[in-house]
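Me: Please examine one part of this model closely and explain how its pieces fit together. Then set that part against the model as a whole.

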Amino acid sequence: MNVMEQFWNASLQEAKQGFVERTHDYLCLLCGEQVEKGIIYPVDGALFEASRYMRHHIEQEHESVFAHLSGLDKRLSGLSDHQASLLRLFFAGKSDAEVQAELGIGSASTIRNHRFALKEKERQAKVFLTLMELLREADQDGPPAAAKKGKPQKQEEVQVESGSADYEAILQKYFPQGRSHALDRIPRKHKHRLVVCREVAKHFAPDKIYSEQEVNDILQAVCADYVTLRRYLIDYGFLTREADGSAYWRTDQDSSEEAQGEKSANRKQALKQMYKEVKSEAGVYQIRNKVNGKILVASSANLKTINGKKFMLQHGSHPNRELQKEWNELGADAFEFEVLEVLKQQDDPNVDVKDALEKLEEKWVEKLAPYNERGYHQEKRM
């Protein structure tokens, strides 16, 4: 799951704060940076626990959640450049007269009209979000009660008993070549979708933890629209996943509460082990322009989040404006990301990892001298 998908799946409160809390760490929704729990991070003589350090990261790397989101490409934000500029000035506490003077447009009354237009856009967005939420519920629950004749059916009443003649007939309809072959189409009827999802869930072992890619690989063999099928499996409770999409597992709906509790404990242990095995590595990397050879040297406390920087470039919000300009002109294929050196892990808890990472980055900047025609860095003036 990429950074933008993480953002879309976050709650409004999580989106406003710019990060989500996961089992073992905090994830930045703006760039994908991960901050591990249980570690004290030294910052300018102060000691920050993980959540406070994540807020520090957002302030240092993105200025603020508002600044980052207002700088996104209009394809994502739905805002014109002019509207984004107005929002940034309003957020800075500028009066209508000050905004008018800074932008050099119309009069103070013109700015008031713009404020009204933005509030109107907010109201429209709220209506649209409500409509989409109702549509999502209707899609999960089948036709609304008002559209049905007679008494609405309960969830239990639309389920078909596994192994019954009705159950087999539905499978024959949607798996015409046999249930071991591809799905002909995803059913539109709620009752039929339940049967199909119950059958597809059998492709997953009940005691195994799957990555998102492993889930996708299994479902692609079943249906071309594997993303929609995956969503139905989760919505109907046949699959469960971590909030960040890092792990999936099959839900055994027929187990007793005692058995489910035991499986849950085993699953938590397996997830902990999985997180240990994919422990993040800090290090220095470069972004290289393959056309002109210019490079940007940077560091990350978690090299797995480099894709978050790629996301920032793709959506026009990278802080290095020269790099962003050439990315926009040449396209993503003209650039490559390369890890230069991984920071050696220290067993001493008193080691300042942030300081060590900064020194490692300085070493590579000095070595590569990415200035002027060689790179995107600005030489420091003495």
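Reply: Glycine 32 adopts a positive phi, near 90°, in the hairpin of β2 and β3, where five residues lie between the strands. Strands here are DSSP runs of E with at least two residues, helices are runs of H or I with at least four, and both are numbered from the N terminus. The model is a predicted one: local features need pLDDT of at least 70, side-chain atom pairs count only at pLDDT 80 or more, and totals for chains, interfaces and linings use all residues. Residues are numbered from 1 along each chain as its sequence is written, and side-chain values use heavy atoms, with hydrogens and water left out.

β2 and β3 run antiparallel and are joined by three bridges; two strands count as paired if DSSP finds at least two bridges between them. Within this pairing, aspartate 25 has glutamate 36 of β3 as its bridge partner. On the other side of the arrangement, a hairpin with three residues connects β1 to β2. β1 and β2 (residues 25-28) are also antiparallel, again over three bridges. Two of the partnerships can be named: valine 20 is matched with leucine 27 of β2, and glutamate 21 with tyrosine 26 of β2.

Taken together, the three strands form an open sheet in the order β1-β2-β3, with antiparallel pairing. β1 (19-21) and β3 (34-36) are the edge strands, each pairing on one side only. From one strand to the next, the twist averages 20°. Helix α3 (residues 50-62) packs on this sheet and touches β1, β2 and β3; contact means heavy atoms within 4.5 Å. The direction of α3 makes about 20° with that of β2, where axes are lines fitted to C-alpha atoms (for helices, over the stretch in contact) and angles run from 0 to 180 degrees between N-to-C directions.

β2 is covered on both faces, with Asp25 and Leu27 buried on one side and Tyr26 and Cys28 buried on the other. Buried means under 20% relative accessible area, exposed over 50%, and partly exposed in between (1.4 Å probe, protein chains only). Burial of cysteine is found elsewhere too: cysteine 197 counts as buried because its relative accessibility is 2%, and cysteine 223 does so at 8%. The structure nevertheless holds zero disulfides, a disulfide being a pair of cysteine sulfur atoms within 2.5 Å.

Against this local picture stands the whole protein, which has 17 helices and 10 strands. Of its 382 residues, 35% count as buried. Among contacts with a separation of 6 or more, 53% are between residues 24 or more positions apart.

Confidence varies along the chain. The average pLDDT, the predictor's confidence in each residue from 0 to 100, is 82 for the protein, and 83% of the residues score at least 70. Strand β8 (residues 283-289) has the highest confidence, with a mean of 94, and helix α9 (residues 155-158) the lowest, with 46. Over residues 142-157 the pLDDT stays under 50, and the model has seven contacts beyond four places in sequence for them. Where pLDDT is low, the predicted coordinates should not be read in detail.
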